[in-house]
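Colleague: Got a minute to go through this model with me? I'd like to start with one residue and then move around.

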Amino acid sequence: MDEICVRDGEDSEWRESARWLKFEEDVEDGGERWSKPYVATLSLHSLFELRSCIINSTVLLDMRASGVEEIADMVLDHQELYSPLGPELRKKVRQTLLKQHHHQNQKKLANRLPIVRSIADISRRTSELHLDKHDQLTASQSQLAGPDGKSEVSRENSGVDFSKIDLHFMKKIPVGAEACNVLVGELEFLNKPVVAFVRLSPAVLLNGMAEVPIPTRFLFILLGPCGRAPQYHEIGRSIATLMTDEVFHDVAYKAKDRNDLIAGIDEFLDQVTVLPPGEWDPSIRIEPPKNVPSQEKRKKSSTLPNGLVEGEDDEENSGHGGPELQRTGRWFGGLLLDIKRKVPHYLSDYTDAFSLQCVASFLFLYCACMSPVITFGGLLGEATEGRISAIESLFGASLTGIAYSLFAGQPLTILGSTGPVLVFEKILFKFCKEYGLSYLSLRTCIGLWTAALCIILVATDASSLVCYITRFTEEAFASLICIIFIYEALEKLIHLGDHYPFNKDNNLDKLTTYSCACVEPSDPTNDTLKYWARTNVTASEIYWEALEVKDCVEKRGEFVGSACGPKGPYVPDVLFWCVLLFFSTVIMSAFLKNFKFSNYFPTKVRAIISDFAVFFAILTMVLVDYALGIPSPKLKVPSVFKPTRDDRGWLISPLGPNPWWTAVVTVVPALLCTILIFMDQQITAVIINRKEHKLKKGCGYHLDLFMVGVMLGVCSIMGLPWFVAATVLSITHVNSLKLESECSAPGEQPKFLGIREQRVTGLMIFVLMGSSVFMTSVLKFIPMPVLYGVFLYMGASSLKGIQFFDRLTLFGMPDKHQPDFIYLRHVPLRKVHLFTIIQLSCLILLWVIKTSKAAIVFPMMVLALVFIRKLMDCIFSKRELSWLDDLMPESKKKKLEDEEEEEEQSIVAEEDGVVQVPLEGYKGIPVINITDEMSKGSFGNTWNASS
């Protein structure tokens, strides 16, 4: 919006005073900078006066013009038809309209436009078709997102002064944007107002009028006598704010005459909220909201004539029972449909990965996946006497992950190892050892049966049963896995105290007397004597005092001295340094991840820092640890690619030395494994495929299970561990690939657009994992406490958005302080607490089972949650369960609920645009005509006096 004040003897020019891209920005009083964007607050009086202006002024729609001169002539020619100015005044008004425009950014040098966007790209869309309804709406100096078309403007022929362009502001404007220029001012020589609303067709690039070179579609001109500058300013703000309104914006583009514009203003007035002057300070600037409410209900308003606005279709219903989970009634019918659904997107699964965000994602998740895979392999090696260990775990994870990333239906899922599988392996190995059976061969039979059963489940469309996994089951399972991640991270940190003990009774004055030496055991135990006999060790021949710590422990010596702990010398620095590394990684990761919401640095820089947050945290901690040189425990990766034991190869016979009947009876434990694989895989898939993630390429439950089953059989034959969907890693993967709108107006929060769906990040994670054997020279510098910190961060960040934890906080919260959760509007608080207690009880039961020796039945208990949820139908009504236990995104539900409340509480009936409120015993109120009433106001009197 530009303003001018013309007085005799004074040189004047149009000066920019405000602009609207989405929210209002004003030139501060000092004139040196733009204000912070804020929600425009308008006076009701200025809106009424704007309405009066549109009724009584010049309205020119779809006019053709090539420059400001032609526009000025058209406006003044129309003015002559109903309120002539006279030749002299007409000339002065025309000169005023053609005066130079002074912009806020003219002091800045911005001759770098080509690196931002070419003018041809900016102006390539014009006026034949209406703007796509999902595009950004912009106004003023109001910038408007315009319709598609071909307005060819080049740097060579545009005549634009490229040294006066605000490039930073330019980047905020979407491609194809069009401007609405608002010109208001007071002219001393005028005795009556000159007001015009002009819509150009096609849009025209008016050099020097807008601060950025984009075509102008609309102009609003208000010139009046001196003495009413604040009044003109508020009317200008009103029209500019209206042009940023989503509904009026559509009306302005499609209006056929003056009446359509008036109908648009009336609809806007119907939605206006009035704040009492005694309870509100109009000078307060309202911060832009985080989420702008949908205007779809307004677009369906009966106030507006048909065709002026276009509403969107209602979104599909909540839940996850879409076509992907419907039974086909044919063998492998669901699998074939999954393949048909994913094939059209297969190429884009690779091309969509060209982004720094994907690089940040796989670097972070590579580090996060490495440690659990190696740790799992180490534990499995201890349990199976090295038959399956770290190198097999790395190879199996890499092989399975690569195949899954290439061919699965939902490549966003990350595969990993699970606790129940480890428990099963321990039980199986113990059983084989007791009965003299070959562990690897028996395990191969079980794996092949499990793979076959998984493929049978795929053939019979058993994945359609996933629709019975509701939020109750999903959140209990996800919460458990997240809590286990957090618990194990802290447990591993505390466990470092055993390896690096410290003296709690230090006396600083006696530090010089502290010592620790290795000596021969004075009373060796039977185990020690057997070890010496087995290894041919003669205690008297060993020079114990010269042994290093590792050798002393290996030869079962004793540590004696004031600086000795039970298992070796005190090592105070290492444990405390590990604690510092651990919490520094967590804090730094969380801080950098939220950095994109800070006020520092440009948006793109903040986004890169946020995407690479965990990687930067890991890299920083590794460098600091290396610089200080404290011997913290490091990641240990196998350096040779060969089986851990020499008595096994990469192919295992299903029978081997075992009897033939073992190939038959192994179907029984395979049933248990199948339930474990199915529940782990499908619950994680349900979480990843949530509708609030806005996935566009479809799900693939049947194809996912098929790939897991096939690779499980391959890993069994090769003697490798089994891998299935890892919940926390998959959630973290999805969170690291969230897409947000890049072109957002000043003050507007970026909108969540969905997830960057592609296969490359998962593929690269597991390719790097397979290559880790050849990268030990680099990976050996990564401290284990840093990776433990990453685990804690992943577990804690994955808890966000789980409704169960929101409900837990309600227990200690007074009613008046409780958040406005949507389910609290419909379900009594006692029922909410009861639902939470049942869910918490199930979570505790799952925790007890998973951490006990009975962990083998854990998948059965997860399956039991589905039946527990079914029994809850007897305790809760369907209406209560629909609010406490469904998958509709809460933000959408809240919008729907607000709309329903408005309809229920409305007691007014709209007839022919007149609002009537029936009151008992009241004889009626005369109908108020807004136009007549406003004609009695100050600006209306100007019209009457001038006519």
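Modeller: Sure. Gln 758 is buried, with a relative accessible area of 0%; buried means under 20% relative accessible area, exposed over 50%, partly exposed in between (1.4 Å probe, protein chains only).

Colleague: Before I go on, what sort of model is this?

Modeller: This is a predicted model, where local features need pLDDT of at least 70, side-chain atom pairs count only at pLDDT 80 or more, and totals for chains, interfaces and linings use all residues. Residues are numbered from 1 along each chain as its sequence is written, and side-chain values use heavy atoms, with hydrogens and water left out.

Colleague: OK, where is Gln 758 placed?

Modeller: Gln 758 is in the loop between β18 (752–755) and α26 (760–770). Helices (H or I, at least four residues) and strands (E, at least two) are DSSP runs, numbered from the N terminus.

Colleague: And what does the side chain of Gln 758 reach?

Modeller: The backbone nitrogen of Thr 761, at 2.9 Å. Leaving aside neighbours within four places in sequence, Gln 758 also has contacts (heavy atoms within 4.5 Å) with residues including Asp 349, Asp 352, Cys 358 and Leu 737.

Colleague: Switching to cysteines: how many disulfides are there?

Modeller: The count comes to 1 disulfide, taking a disulfide as a pair of cysteine sulfur atoms within 2.5 Å. Cys 518 is joined to Cys 552, S to S 2.0 Å. The pair links distant parts of the chain, 34 residues apart, with Cys 518 in strand β12 (residues 517–519) and Cys 552 in helix α18 (residues 549–554).

Colleague: Right-handed or left-handed?

Modeller: Right-handed, because the torsion about the S-S bond of Cys 518 and Cys 552 is about 85 degrees. Cys 518 counts as buried at 4% relative accessibility, and Cys 552 counts as buried at 0%.

Colleague: Why is there no bond between Cys 673 and Cys 454?

Modeller: Because the closest cysteine sulfur to that of Cys 673, in Cys 454, is 9.3 Å away, too far for a bond. Cys 673 is buried too, at 5% relative accessible area.

Colleague: Last one: how many residues of strand β8 are buried?

Modeller: 11 of the 11 residues of β8 (residues 177–187) are buried, so the strand is largely enclosed by the rest of the structure. Both faces are covered, with Ala 179 among the buried residues on one side and Cys 180 among those on the other.

Colleague: Which strands pair with β8?

Modeller: Pairing needs at least two bridges found by DSSP. Strand β1 (residues 2–6) runs parallel to β8 and is joined to it by 5 bridges, with Cys 5 opposite Glu 186. Strand β10 (residues 216–224) also pairs with β8 in the parallel sense, over 8 bridges, and there Ala 179 stands opposite Thr 216.

Methods: Polar contact = N/O pair within 3.5 Å; in protein donor to acceptor, adjacent residues only side chain to side chain.
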